[in-house]
Amino acid sequence: MENACPHLGGPLSEGWLRDGSITCPWHGSKFELRSGESLNGPATAPVPCFQVRVRDGWIEVRRAAVAATAPPGSALVHQQEVRP
Ligand code: FES
């Protein structure tokens, strides 16, 4: 999932993982790890997610359902698929 919290951009990588969810360290929004769905506010929008796999020693990442999850101007729009 994208690192920036959809509320005010808090660093989700510094948040807390628990029971399949991550909690933003800034204001406590909680998101489901697999879907990015907001489980607890103040954030109401989901976190954009990526499809990831390891193949032949390479980590491949691609956008998942960009139109449904990425607001205009989101960093997600600028992500590129990684190919070996
Ligand atoms: S920036 Fe994440 S909850 Fe506010």
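A residue counts as buried under 20% relative accessible area, as exposed over 50%, and as partly exposed in between. Arginine 55, at 39% relative accessibility, is therefore partly exposed. The structure described here is a predicted model.

The protein chain has 84 residues, of which 29% count as buried. Its secondary structure comprises one helix and six strands, and the order of elements from the N terminus is β-β-β-β-β-β-α. The accessible surface of the protein chain amounts to about 5700 Å², and carbon and sulfur atoms account for 52% of it. Of the contacts between residues at least 6 apart in sequence, 22% join residues at least 24 apart.

The largest nonpolar core consists of seven residues: Cys5, Leu12, Ile22, Cys24, Phe31, Ala43 and Val47. Among these core members, alanine 43 touches Pro6, His7, Ser29, Phe31 and Ser38, with residues up to four places away in sequence left out of the list. The peptide bond from glycine 41 to proline 42 is cis, with omega near 20°. Proline 42 belongs to the loop between E4 and E5.

Strand E5, residues 50-55, pairs with strand E6, residues 58-63, in the antiparallel sense over six bridges. The two strands form a hairpin with two residues between them. Within this pairing, arginine 55 stands opposite tryptophan 58 in E6. Aspartate 56 is located in the loop between E5 and E6 and has a positive phi of about 50°, although it is not a glycine. With a relative accessibility of 71%, aspartate 56 lies over the 50% cut-off and so counts as exposed.

Three salt bridges are counted in the model. Side chains of opposite charge can pair when their charged atoms come close. Two of the bridges involve glutamate 60: in the one with arginine 53 the closest N and O atoms are 2.5 Å apart, and in the one with arginine 55 the corresponding distance is 3.3 Å. Arg53, Arg55 and Glu60 are thus linked in a network of salt bridges. The members of this network differ in accessibility class, because glutamate 60 is at 8%, under the 20% cut-off for a buried residue, whereas arginine 53, at 45%, is partly exposed. Arginine 55 also falls in the partly exposed class.

A further salt bridge joins the side chains of arginine 18 and aspartate 19, with an N to O distance of 3.8 Å. Both arginine 18 and aspartate 19 are exposed. For aspartate 19 the relative accessible area is 74%, which places this residue over the 50% limit. Aspartate 19 is found in the loop between strand E1 (16-18) and strand E2 (21-23). Its phi is near 50°, a positive value in a residue other than glycine.

On the surface, Met1, Leu17 and Leu33 make a nonpolar patch of about 260 Å². Leucine 33 is placed in the loop between strand E3 (30-32) and strand E4 (38-40). The relative accessibility of leucine 33 is 34%, so this residue counts as partly exposed.

Conventions: Residues numbered from 1 in each chain as written. Predicted model: local features only at pLDDT ≥ 70, side-chain atom pairs only at ≥ 80, totals over all residues. Heavy atoms only, no water. Patch = residues over 30% accessible without salt bridge, like charges linked within 9 Å, V, L, I, M, F, W, Y side chains within 5 Å. Areas by Shrake-Rupley, 256 points an atom, 1.4 Å probe, with all protein chains shown as cover. Salt bridge = Lys/Arg side-chain N within 4 Å of Asp/Glu carboxyl O. Helix = DSSP H or I, 4+ residues; strand = E, 2+ residues; numbered from the N terminus. Buried < 20%, exposed > 50% of the residue type's maximum accessible area, 1.4 Å probe, protein only. Contact = heavy atoms within 4.5 Å. Core = buried A, V, L, I, M, F, W, Y, C linked by side-chain atoms within 4.5 Å. Pairing = 2+ DSSP bridges.
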